[in-house]
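Subject: A structure for you to look at

Hello,

I am passing a structure on to you, together with some notes on what turned up in it. Have a look at it first, and then read on below.

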Amino acid sequence: MTGIYDDPWAYELACSFRDVAAETDALLAWCRGHRGAEPATVLELAAGPAEHARAFAARGITATALDLHPAMCAYASERADAADVPLEVVQEDMTAFALGRRFDLIVTLLDSTSHLMDLAGYVAHLDRAAEHLADDGLYIVEMSHPRDRLGPEPTVSAGWTVERGDVRATVQWGEPGDALDPITQISPDRVTMTIDEGGGTTRVIRDVVPYRFWTVPETDAAIRLSGALEVVARYGDFGDVAVDAPEAWRVITVLRRA
Ligand SMILES: C[S@@+](CC[C@H](N)C(=O)[O-])C[C@H]1O[C@@H](n2cnc3c(N)ncnc32)[C@H](O)[C@@H]1O
């Protein structure tokens, strides 16, 4: 079976509800605010198609994208080449990479830390990020809002529709029955993407993507256990929304070396 991460084009289409340019602007604004300067070098971890890394590269920032999945790495390179932006792509595990250099900004976006299934993996990931951070660098991690899993109503819908040119797709990322295991906090999220490719061709991708739910206190405990990083700020979206505000729909943590 072909999974959603085996088809980076479809994954990127599924995530095209995001305003990557605006999110990149927000990341750069946080760099100006929290380290006094925009970054010269950026590393995107669990980058998938590396849309943000490519956006940084298009702005003249030296960008590196890291992902475990070969199809994602190949796609990120192809898209960067097609856009004529320089992008280094590394196929590596975000819990065990050693690139031998440090970056002004590291980002992990769209809840990719949910692929860290246990505390040892989370702490190893934080240690690796810290090791690759310049002395005045920032590590910014975007996670979904805990309200999505713990509140009476999720903050964001698990189903949405996207369009690109003649292509239209419906995405269902998680079904109502996909409950968190109360012991492991892992949910086998069922993903269905139905792509109307135009001309009467419809393609359906079905997958199960294990999702490890991390609470904010657990994240803070992992940061303390690592000891290599400390929290600078926390935001509830890519603007200036507090994480506990009613309109908050993400948890975005800004970290620096401890
Ligand atoms: C939800 S996608 C997010 C992609 C990207 N961050 C974005 O914003 O679109 C999660 C990505 O994490 C990658 N991934 C999962 N486990 C990983 C690991 N241990 N190390 C590196 N990448 C990993 C997957 O291959 C996938 O591309």
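Setting aside neighbours within four places in sequence, Val 171 is in contact with Ala 14, Gly 159, Trp 160, Val 162 and Met 193. Please keep in mind that this is a predicted model. Val 171 sits in strand 7, which covers residues 167–173. Is Val 171 buried or exposed? Val 171 counts as buried because it has 24 C-beta neighbours inside 10 Å, and the cut-off for that is 20 or more. Thr 192 is 21 residues away from Val 171 along the chain, with 6.0 Å between their C-alpha atoms.

Now for the overall layout. The protein chain is divided into domain 1 (4–146 + 214–257) and domain 2 (148–212). Their C-alpha centres lie 22 Å apart, and the contact between them takes 15 residues from domain 1 and 21 residues from domain 2. On the side of domain 1 that touches domain 2, helix 1 (residues 8–14) gives the most, with three residues. That side is made up of ten nonpolar, four polar and one charged residues.

Next, the interior. The largest nonpolar core has 49 residues, and those touching the most other members are Ala 53, Ala 65, Ala 76, Leu 87, Ile 106 and Tyr 139. Strand 5 (residues 133–144) supplies the largest share of this core, six residues. A second, separate core has eleven residues, among them Ile 4, Trp 173, Val 191 and Met 193. To get a feel for one residue, try Ala 76: beyond its neighbours within four places in sequence, it is in contact with Ala 47, Pro 49, Ala 50, Ala 65, Leu 87 and Val 89.

There is a ligand too. Which residues are closest to the ligand? They are Ala 46, Gly 48, His 69, Met 94 and Leu 110, out of 16 that surround the ligand. By class, this shell has nine nonpolar, five polar and two charged residues.

Last comes helix 7 (residues 216–226), whose buried residues are Thr 219, Ala 222, Ile 223 and Ser 226. Seen down the axis of helix 7, these fall within an arc of 100°, so they line one face of the helix. An α-helix has 3.6 residues a turn, so residues three or four places apart point the same way. The cover over the buried residues of helix 7 includes helix 5 (119–131), strand 10 (229–235) and strand 11 (250–257). Just after helix 7, Gly 227 takes a positive phi of about 75°.

Best wishes

Key:
Residues numbered from 1 in each chain as written. Predicted model: local features only at pLDDT ≥ 70, side-chain atom pairs only at ≥ 80, totals over all residues. Domains from an automatic or database assignment. Contact = placed C-beta atoms within 7 Å. Helix = DSSP H or I, 4+ residues; strand = E, 2+ residues; numbered from the N terminus. Nonpolar A, V, L, I, M, F, W, Y, C, P; charged D, E, K, R; others polar. Near = placed C-beta within 6 Å. Core = buried A, V, L, I, M, F, W, Y, C linked by C-beta atoms within 7 Å. Buried ≥ 20, exposed ≤ 12 C-beta atoms within 10 Å, placed from the backbone. Arc of directions from axis to C-beta.
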